[in-house]
Amino acid sequence: MISVLCGFLIAFAVGMILLPINIKLVRKLKGGQPILSYVDNHKKKQGTPTMGGASIVLALLSSLFFTTHGDNTTYIILVITVGYALVGFIDDFIKVRYHNNKGLSPVQKIIFQLLLATVIAVYAYYNDNVGSAVYAPFAPKKIELGVFAPIYYIFIFLAFTNSVNLTDGLDGLAASVTATNSLFCCVMLGIAFFAGELAGESTLNMIILCAALGGSLCAFLCFNTHPAKIFMGDTGSLALGGFLACVAVLGRMSLSMLLVGVMYIATSVSVIIQVAVYKLTGGKRVFLMAPLHHHFERKGVFEGKIATVYTLITLVCGIITVALMLVLY
């Protein structure tokens, strides 16, 4: 418990130190966020420093040296997280370097994401502590996926990374929802550990890392709530998605985390519906703008309120998930 608290506090402290430096450095390098032309109500945010995800990742990494005894699971989570952060950094760099919001093409992003996801999927499948089984908050027994497990794991990575990326559209939104997710991961992993469903030092290290991510995101929120002084950029959103996917797969908690991550799902589904209807009907739209949070924003809802509601829904879903786990385990 002390290590978990220390992981949170150290990451928070390091984040609070790094973020002002991050802001000054990006401003000096003129690395302001370009805004898409059709998001006209965000024009005033043009030029806000981006790539704050670098500080989130560095604050997370700092916890490794002070609170965990490194094992293979810990290292691979951090390597994959940094890998996704680097993909996001390349995307952010292209955007700020050429002053547009295109960055890497969707195909390039998917290729990089698939490569990283395939590596961790194969590792997980052949790992004795993971294998092909997953737990569900609605079933008393683990669900065996067999040879389809690697494909499922790859899907989880693509789902988490792209969903967190899509959720990062308003001040404080992705950070607050993900901070809540990461702290519930601590609780869910802890329940599974004490119930004997998960064992070993790797589980304890995952709990500490989840707490550390929560700490780094709380520090980030001190600078990212409306009006944001810095954005996490794809450097942050892809890293966060990669981290959560790692914990979901290696902790065999993917189904439980999908329930807690209901707002990620709602965000992605809103985009899928909007694109599908637009193409099938020749230009009609279901939402005023997708993803869903932009629809509410167009309706006149203050973005701070949207972030708060998203976080509260995540909190409620997390409590329900934990309650189900306590009953079943």
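Modeller: Before we start, a cavity here is a set of grid points where a 1.4 Å probe fits but cannot get out. Also, keep in mind that this is a predicted model.

Biologist: Okay, so how many cavities of 30 Å³ or more are there?

Modeller: The count comes to one. The largest cavity holds about 30 Å³ of space.

Biologist: Which residues line the largest cavity?

Modeller: Its lining is made of Ile-56, Val-57, Leu-60, Thr-81, Leu-213, Ala-239, Leu-240 and Phe-243. Helix H2 (53-67) and helix H8 (233-250) each give at least two residues to that lining.

Biologist: And how does that lining divide into nonpolar, polar and charged?

Modeller: Seven are nonpolar, one is polar and none is charged.

Biologist: Let's go to the pockets. How much space lies in the second largest pocket?

Modeller: About 410 Å³. It has 20 lining residues, and the closest to the pocket centre are Met-1, Ser-3, Val-4, Ile-207 and Ile-208.

Biologist: Which elements give two or more residues to that lining?

Modeller: Helix H1 (2-28), helix H6 (173-194) and helix H7 (201-224) do. By type, the lining of this pocket has 13 nonpolar residues, six polar and one charged.

Biologist: New topic: where is Asp-171 found?

Modeller: Asp-171 sits in the loop between helix H5 (149-167) and H6.

Biologist: Is Asp-171 buried or exposed?

Modeller: Buried, because its relative accessible area is 5%, and the cut-off for buried is under 20%.

Biologist: What does the Asp-171 side chain reach?

Modeller: The backbone nitrogen of Ala-228, at 3.1 Å. Not counting residues up to four places away in sequence, Asp-171 also touches a set of residues that includes Lys-45, His-226, Pro-227, Phe-231 and Glu-303.

Biologist: Pro-227 just came up. What kind of peptide bond joins His-226 and Pro-227?

Modeller: A cis one, with omega about -5°. Pro-227 lies in the loop between H7 and H8. There is also a cis bond from Ala-290 to Pro-291, where omega is near 0°. Pro-291 is in the loop between helix H10 (262-281) and helix H11 (292-298).

Biologist: What about Ser-176, which residues is it in contact with?

Modeller: Leaving aside neighbours within four places in sequence, Ser-176 contacts Leu-221, Ala-307 and Thr-311. Ser-176 lies in helix H6, and it counts as buried because its relative accessibility is 11%. Ala-307 is also among the residues that Asp-171 touches.

Biologist: How many disulfides does the count come to?

Modeller: Zero. Take Cys-6: the nearest cysteine sulfur, that of Cys-186, is 13 Å away. For Cys-317, the nearest cysteine sulfur belongs to Cys-185 and is 14 Å away. A disulfide needs the two sulfur atoms within 2.5 Å, so neither pair makes one.

Biologist: Is Cys-317 buried or exposed?

Modeller: Cys-317 is buried, with a relative accessible area of 14%. Cys-6, at 33% relative accessibility, counts as partly exposed.

Biologist: Last one: what is the phi of Met-51?

Modeller: About 65°, a positive value although Met-51 is not a glycine. Met-51 is in the loop between H1 and H2, and it is buried at 12% relative accessible area. Arg-252 has a positive phi too, near 55°. Arg-252 is in the loop between H8 and helix H9 (254-260), and its relative accessible area of 10% makes it buried.

Notes: Residues are numbered from 1 along each chain as its sequence is written. This is a predicted model: local features need pLDDT of at least 70, side-chain atom pairs count only at pLDDT 80 or more; totals for chains, interfaces and linings use all residues. Side-chain values use heavy atoms; hydrogens and water are left out. On a 1 Å grid over the protein atoms alone, a cavity is a set of points where a 1.4 Å probe fits but cannot get out, and a pocket is an open set with protein on both sides within 12 Å along at least five of seven lines; lining residues have an atom within 4 Å of a point. Grid points are joined across faces, edges and corners, and a volume is the space filled by probe spheres set on the points. Helices (H or I, at least four residues) and strands (E, at least two) are DSSP runs, numbered from the N terminus. Ala, Val, Leu, Ile, Met, Phe, Trp, Tyr, Cys and Pro count as nonpolar, Asp, Glu, Lys and Arg as charged, and the others, Gly among them, as polar. Buried means under 20% relative accessible area, exposed over 50%, partly exposed in between (1.4 Å probe, protein chains only). A polar contact is a pair of N or O atoms within 3.5 Å; within protein, one must be able to donate a hydrogen and the other to accept it, and residues adjacent in sequence count only if both atoms are side-chain atoms. Contact means heavy atoms within 4.5 Å.
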